[in-house]
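Good morning. Please have the sequence and the model open while I talk, and I will go through it part by part.

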Amino acid sequence: MKNYSLIGGLFLLSLFSCKRYLDKTPDEDITLKEVFTNRLYTESFLTSIYAGQPWEINPVDIDGINRYASPWTGASDEMEITFPGSYVHYMNRGGWNAQNIVSNWQFAYQSIRKADVFLENIDQLPLQDGYTQDNKNRWIGEAHFLRAFDNFAVFRIYGPMAIMDQAKTPNDDFKSIKRSPVDACVAFIVKDCDAAAGLLPITANSDQQGRATKAAALALKARVLLYAASPLFNGNADFRDFKNPDGEALFSQAYDAGKWKQAANAARECIEVCEAAGYGLYTAPSNNPVENYTNLFLQNNNREILWAMNRQAFQHLERCSNPLSYGGFSILSVSQQLVDAYQDTLGRDVITGYNADGSPVINGDASYTETGFAAASGKNWDAGISNMYVAREPRFYASVHFTGAKWKNTVIQTYFNGKDGASKNGTDFSKTGYVLRKFSNPLINIQTNSGWDLKTFIMFRLGEQYLNYAEALNESDGPVADVYTYVNAIRARAGLPGLPASLSKEQMREKIWHERRIELAFEGHRYFDTRRWKIAAKTNNGSLLGMNINSGNSQQDVSFYKRTEADKRIFKAPRDYFWPVPQSELDKDPGLIQSMYW
């Protein structure tokens with residue numbers, strides 16, 4: 001089938017005569033008009049837009065049906081992925097280009113075109129047979145939300161995008177298609193969010209989980225405006241010369257401080273509307289901080305989730321994150337840099353930086369040492385583990401598998417000759433000595449192929465909105481009371497004390513950046529946060545560290561506990577702040593221009 005994308009996913013036109021698309025008699029061809037005069041067919045068309053959304057749950061590789069790649073975790077400083085076929089290795093080592101870039105552009109615009117087709121034809125469906133105006137409004141709201149979400153998916157990685165608000169046909173002139181300036185892109189996405197929020201219910205019924213709601217639309221709007229206010233998009237001098245062929249500038253060179261206020265207002269509205277409807281920060285019945293954080297991602301449809309994607313019994317994430325001896329692949333290798341970022345139980349940084357030789361600068365005020373092994377067990381650790389992992393904040397124990405930790409009542413061993421170590425498998429092993437624990441269900445037994453659960457991936461949750469609001473408000477008004485209130489609420493849920501009083505705006509910014517790094521780890525935010533803050537040239541360039549996985553015969557073999565380079569990262573600034581458009585797409589659309597510096 002011919003590969004159309006920005007042109008509008010025109011391959012969809014052939015689906016109306018494809019017998020596998022909709023049920024029909026053998027001699028019947030379904031036309032576009034017939035689709036939108038039949039309630040069942042119309043709803044199926046809307047559902048197909050959901051089916052085309054990115055598989056954020058899969059950080060390793062492109063999923064089996066070739067939808068969006070989601071390399072956000074492996075292409076940030078959170079993780080190294082052992083699997084050699086993952087596209088993140090091209091990104092991390094400077095080998096990506098317009099010829100081999102994955103197809104996010106193509107699949108996003110296919111979904112955008114579907115939404116355009118739906119919005120242009122939904123009025124043909126008559127109000128009858130139980131199909132009411134309320135049903136119609138909801139479906140229209142869902143289409144507006146999905147179009148906004150897919151446009152945001154393009155905007156966050158390509159920057160200025162082509163705004164497609166009409167469904168193109170093969171007979172249209174495509175020479176006029178071009179990128180729109182950043183501010184126009186943001187305004188278009190926000191307009192769709194507003195339209196969706198005005199039509200959708202604030203919550204979904206039990207039989208509608210995964211469908212868009214007003215909560216999801218407000219959350220997307222707040223995130224879009226947060227990005228738009230950030231240095232990458234707000235007065236970025238690196239892209240002053242990024243222009244369309246007609247000379248139209250795609251980046252405004254004037255920094256607009258008011259954009260932070262807009263972002264703060266949007267996040268606050270999202271929080272207030274959602275909390276009034278019963279949403280709130282999730283806490284486990286025990287209010288144990290480790291369980292609070294663990295179960296937030298295991299209890300589907302809990303009160304914190306504003307929108308999550310249902311991925312059925314998706315097993316790949318579970319297999320990739322379980323250690324080898326538990327039947328997993330052990331390839332989602334958490335970085336030493338992230339391990340070092342987790343604070344101690346009193347909320348103090350344990351590592352404040354790195355020396356020129358890569359050795360850590362240890363905070364002498366924290367209860368932390370890198371030598372020796374625990375003489376006694378503690379609340380979240382057992383005797384005999386390295387003191388590196390003693391008395392760390394609860395989210396660390398809920399997020400990271402490390403040597404000496406217990407998982408399913410047995411001890412993890414990622415040192416070289418351990419049962420989960422590099423010597424046990426030639427291709428699948430942790431390259432850092434750490435494995436992702438967050439999202440894993442301890443009731444699943446991979447070896448017996450039992451206990452599989454319904455997998456969802458949270459796209460928006462209230463905790464993110466707390467941090468969005470705090471960041472935008474601090475940039476707009478400084479560290480006022482609300483900034484403390486919302487950051488401290490996240491920390492309290494995690495069992496940590498509140499932030500110190502009297503922080504400056506700059507100090508608070510650092511605290512918020514840190515809190516986002518920990519609270520939102522592995523959820524796809526770090527990749528975009530480091531780029532919108534324009535710090536990725538520092539965080540994702542140079543050595544990614546882990547433990548010395550090629551050494552160690554026992555849990556207390558000190559040769560294993562040595563920081564070692566797991567990967568050498570290359571980040572070319574400012575080029576790598578945005579993706580290249582696939583050359584195949586530029587060849588189709590002569591009005592488009594390549595991303596700057598590519």
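To which strand is β2 joined, and by how many bridges? The partner is strand β10, residues 456-461, and five bridges join the two. They run antiparallel. Before I go on, note that this is a predicted model.

Strand β2 covers residues 305-310. Five of its six residues are buried, so call the strand mostly covered, as buried here means under 20% relative accessible area. For one pair across the two strands, find Trp 307, which stands opposite Phe 460 in β10. As a general point, side chains in a regular strand alternate between the two faces of the sheet.

Next, a helix that touches β2. Helix α3 runs over residues 39-51. What span should its 13 residues have at 1.5 Å a residue? The expected figure is 18 Å, and the end C-alpha atoms are 18 Å apart, so the two agree.

At the start of α3, look at Asn 38: one of its side-chain oxygens comes to within 2.9 Å of the backbone nitrogen of Leu 40.

Which residues of α3 are buried? They are Tyr 41, Thr 42, Phe 45, Leu 46, Ser 48, Ile 49 and Tyr 50. An α-helix has 3.6 residues a turn, so residues three or four places apart point the same way. Against what do the buried residues of α3 pack? The list is α2, α5, α6 and β2.

After α3 comes a loop that leads to β1, residues 79-81, and Glu 56 is found in this loop. Is Glu 56 buried or exposed? At 9% relative accessibility, Glu 56 counts as buried, because the cut-off for buried is under 20%. Leaving aside neighbours within four places in sequence, Glu 56 is in contact with Ser 70, Trp 72, Arg 156, Phe 457 and Met 459.

Now the empty spaces. How many cavities of 30 Å³ or more does a search of the whole structure find? The search gives seven. The largest cavity has a volume of about 160 Å³ and is lined by 15 residues. Nearest its centre lie Phe 297, Phe 439, Thr 456, Phe 457 and Ile 458. Strand β10 comes up again here: with three residues, β10 gives the most to the lining of this cavity.

The largest pocket is another matter. Its volume is about 1100 Å³, and 40 residues line it. Thr 352, Gly 353, Tyr 354, Arg 517 and Lys 538 are the ones nearest the centre of the pocket. Which element gives the most to the lining of the largest pocket? That is α16, with six residues. The elements that each supply at least two residues are α12, β4, α16, α18 and β11.

A few single residues remain, beginning with backbone geometry. The peptide bond from Ala 573 to Pro 574 is cis, with omega near 0°. Pro 574 sits in the loop between β12 and α19.

Two residues have a positive phi without being glycine. For Ser 330 the angle is about 60°, and for Asn 449 it is near 55°. Ser 330 lies in the loop between α11 and β3, while Asn 449 is in the loop between β9 and β10. How accessible is each? Ser 330 counts as buried, at 0% relative accessibility. Asn 449 has a relative accessible area of 47% and is partly exposed.

Then Asn 292, in helix α10, residues 289-296. Its relative accessible area is 0%, so Asn 292 is buried. Apart from neighbours within four places in sequence, Asn 292 is in contact with Tyr 282, Thr 283, Ala 284, Asn 287 and Arg 493. Trp 72, which I named as a contact of Glu 56, is 220 residues from Asn 292 in sequence and 25 Å away in space, C-alpha to C-alpha.

Last, Met 596, in the segment after α19. With a relative accessible area of 17%, Met 596 is buried. What is Met 596 in contact with, once neighbours within four places in sequence are left aside? Its contacts are Asp 238, Phe 239, Asp 241 and Phe 242. Met 596 and Asp 241 are 355 residues apart along the chain, yet their C-alpha atoms are separated by 8.4 Å.

That is the end of the tour.

Methods
Residues are numbered from 1 along each chain as its sequence is written. This is a predicted model: local features need pLDDT of at least 70, side-chain atom pairs count only at pLDDT 80 or more; totals for chains, interfaces and linings use all residues. Side-chain values use heavy atoms; hydrogens and water are left out. Buried means under 20% relative accessible area, exposed over 50%, partly exposed in between (1.4 Å probe, protein chains only). Helices (H or I, at least four residues) and strands (E, at least two) are DSSP runs, numbered from the N terminus. Two strands pair if DSSP finds at least two bridges between them. The expected span of a helix is 1.5 Å times one less than its number of residues. Contact means heavy atoms within 4.5 Å. A polar contact is a pair of N or O atoms within 3.5 Å; within protein, one must be able to donate a hydrogen and the other to accept it, and residues adjacent in sequence count only if both atoms are side-chain atoms. On a 1 Å grid over the protein atoms alone, a cavity is a set of points where a 1.4 Å probe fits but cannot get out, and a pocket is an open set with protein on both sides within 12 Å along at least five of seven lines; lining residues have an atom within 4 Å of a point. Grid points are joined across faces, edges and corners, and a volume is the space filled by probe spheres set on the points.
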